[in-house]
Amino acid sequence: MNKKKLLSFALCLCILISCLFFTNNVPTAIGGTTGVYESAEPVCPPESDFTYRPIPINEPTKAVITGYTGNETKIIVPESLDGLPVTNIAYSAFAKNEKITYVKLPSTLIGISGNAFNLCSSLKEIDIAASNENFTIVDGVLYRKETDKASENYGKIKSLVIFPAGKGGKFTIPYGVESIESYAFNSCYKLTEIDMYNTVTTIGSYTFSHCWNLKSIRLSDNLQSLGLEALAYCDSLTRINLPTGLTTIGKDAVLGGIDSDSNKFYYFIDGISCTKDSYAHQYLLDQALPESIIVLNNHTITDNDTRIKIIDAYNVLPKDKNIDITVEEIPLKDVESLFPTRYSKAFAFDIDFLCDGELYTPDDNVVISFDAVCPDAIPSATKIYQQIGNSLVLVSGSAHSPFVGAQISRGGRFIILTNDDFSLKGDIDGDGLVTLSDVKTALHASTGTLTLTYEQNAAANVDNSQDGKITTKDARKILRLAGGMEIE
């Protein structure tokens with residue numbers, strides 16, 4: 001072979017080698033050129049990459065995975081090891097593995113420890129074989145299913161088992177979840193906000209522990225049990241609201257941290273809220289927390305979808321029962337014909353009370369807050385009505401109420417009308433009419449118990465005083481307008 005041919009052959013060989021190394025199908029490097037390579041598709045690693053414990057020892061019939069030593073980042077857990085079906089994954093089996101980004105669990109799986117994937121900071125998605133009868137996946141999160149065939153919830157999600165530590169941001173525990181299992185969110189550093197439906201009654205031990213960037217959490221109003229260190233070491237959490245129904249609180253459940261062996265501390269800037277004389281209140285007192293940390297609130301019940309809130313301001317709701325509310329938004333076209341005045345925005349809801357799952361009527365008044373559905377509304381320019389038959393009955397609170405709300409003694413259909421047009425003199429609530437409601441509002445403004453917006457103040461200043469201050473003279477003139485008389 002002459003030199004020219006030899007040179008051509010060498011050049012072709014170099015090009016071929018380059019193509020092999022720089023093709024688009026090459027795995028992606030994690031952590032730089034010396035890092036682990038992420039497989040393009042999930043793979044089932046060789047059995048030698050797993051450690052397991054056969055059970056029972058004498059005549060084993062199944063395998064429990066106790067560890068993983070492989071380098072694959074997207075893995076499919078095998079359905080069997082040495083011919084034994086994989087039925088369980090043990091405590092810390094994959095813990096601290098920072099390479100794994102995806103894992104698919106087998107159809108044979110019966111049990112898994114909540115700590116099995118603890119501190120797997122790159123894990124963003126958990127999957128499972130569709131034929132698995134015990135677990136299911138929703139958006140990469142592992143849930144346990146109801147397996148009792150006699151239950152009306154058979155096959156539906158029952159508890160949240162593992163939230164992948166690589167996921168973050170805001171997360172809402174889905175409706176129907178009754179318990180959040182131990183370690184489910186432990187050390188999920190990217191998590192910032194947690195919300196949950198009122199179906200949750202139990203939170204296990206260490207569940208949200210060490211979620212350093214968790215800034216807010218709304219616990220279920222029907223929560224009954226909070227486990228050991230369930231909310232401990234959450235450095236960014238500034239407030240915790242412990243629901244009234246809590247009857248079991250584990251040791252150090254709301255611990256901030258430990259300075260030394262003898263000094264535990266609670267760093268929640270805005271405090272730990274609870275209902276006076278509740279079990280949670282006694283628990284906090286037993287922890288010897290300073291009074292500046294404990295914030296005493298009324299018992300509240302919040303609808304997770306709308307954030308409409310019931311406040312037990314007069315302690316009429318039973319403390320030993322599971323109280324909840326159901327809220328259904330009603331199309332405005334179904335109720336518009338009943339509206340008695342003009343409005344800028346309108347909302348309609350059917351709201352019912354439930355006691356242990358049954359329809360319920362409180363023994364006396366409770367307070368309902370609609371602030372969350374109309375956050376920009378001016379309380380003194382908002383009317384709340386309850387539908388009785390084919391009529392609307394005004395149930396709004398007093399003009400100086402600090403929020404959009406009312407006192408109610410039963411469920412039903414509620415209409416909220418908000419206003420922002422105050423062009424009619426004397427019409428302080430903007431409903432297009434001058435009524436006794438406007439007179440009351442003017443009186444509150446004249447005594448300094450209510451601050452009006454600039455536009456409301458202009459409507460209330462019927463005396464046209466130069467300083468714009470609302471006085472009892474304005475209130476008297478508005479009373480004349482409400483009675484259909486001329487202003488003197």
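The legends below describe several views of a predicted model of one protein chain.

**View 1. The whole chain, with its five helices and 35 strands.** The radius of gyration of the protein chain is 31 Å, well over the 23 Å that the globule rule gives for 488 residues, so the chain is more spread out than a compact globule. Along the principal axes, the C-alpha atoms occupy a box of roughly 115 × 70 × 50 Å. Of the 488 residues, 45% count as buried, and the accessible surface comes to about 24500 Å², with 51% of that area belonging to carbon and sulfur atoms. Where contacts join residues at least 6 apart in sequence, 49% of them join residues at least 24 apart.

**View 2. An open sheet of seven strands with mixed pairing.** Read across the sheet, the strands follow the order 11-12-13-15-17-19-21. Strand 11 (135–138) and strand 21 (248–249) are the edge strands, each of them pairing on one side only. Within the sheet, strand 13 (residues 157–162) and strand 15 (residues 179–180) run parallel and are joined by two bridges; Ser 159 has Ser 179 of strand 15 as its bridge partner.

**View 3. Strand 29 and the strands that pair with it.** Strand 29 (residues 345–355) is largely enclosed by the rest of the structure, because nine of its eleven residues are buried. Strand 28 (residues 323–329) pairs with strand 29 in the antiparallel sense over seven bridges, and here Glu 329 stands opposite Phe 349 in strand 29. Strand 35 (residues 412–418) also pairs with strand 29 in the antiparallel sense, over seven bridges, with Ala 346 opposite Leu 417 of strand 35.

**View 4. The hairpin formed by strand 29 and strand 30.** Three bridges join strand 29 to strand 30 (residues 358–360) in the antiparallel sense, and Leu 354 stands opposite Leu 359 in strand 30. Two residues lie between the two strands, and in this turn Asp 356 has a positive phi of about 50 degrees.

**View 5. Aromatic pairs, of which the structure holds 14.** Tyr 91 and Tyr 183 form an edge-to-face pair, with 5.9 Å from centre to centre and 85 degrees between the planes. This pair links distant parts of the chain, since Tyr 91 lies in the loop between strand 7 (84–89) and strand 8 (102–105), while Tyr 183 lies in the loop between strand 15 and strand 16 (191–196), 92 residues apart. Tyr 183 is buried, with a relative accessible area of 19%. Tyr 175 and Tyr 197 form another edge-to-face pair, at 5.5 Å centre to centre and 90 degrees between the planes. Tyr 175 is in the loop between strand 14 (169–173) and strand 15, and Tyr 197 is in the loop between strand 16 and strand 17 (202–203), 22 residues apart. Tyr 175 is exposed, with a relative accessible area of 59%, whereas Tyr 197 is buried at 18%. Elsewhere, ring pairs link Phe 50, Tyr 68, Phe 94 and Phe 117 into a cluster.

**View 6. Cysteines in a model with zero disulfides.** Cys 120 is in no disulfide, and the nearest cysteine sulfur, that of Cys 188, is 10 Å away; a disulfide would need the two sulfur atoms within 2.5 Å. Cys 120 counts as buried, at 0% relative accessibility. Cys 374 is buried too, with a relative accessible area of 6%.

Conventions. Residues are numbered from 1 along each chain as its sequence is written. This is a predicted model: local features need pLDDT of at least 70, side-chain atom pairs count only at pLDDT 80 or more; totals for chains, interfaces and linings use all residues. Side-chain values use heavy atoms; hydrogens and water are left out. Two strands pair if DSSP finds at least two bridges between them. Helices (H or I, at least four residues) and strands (E, at least two) are DSSP runs, numbered from the N terminus. Rings of Phe, Tyr and Trp (its six-membered ring) pair if their centres lie within 6.5 Å; planes under 30 degrees apart count as stacked, over 60 as edge-to-face and the rest as tilted. Buried means under 20% relative accessible area, exposed over 50%, partly exposed in between (1.4 Å probe, protein chains only). The radius of gyration is taken over C-alpha atoms; the globule rule is 2.2 Å times the number of residues to the power 0.38. Contact means heavy atoms within 4.5 Å. Accessible areas come from the Shrake-Rupley method with a 1.4 Å probe; for residues, only the protein chains shown count as cover.
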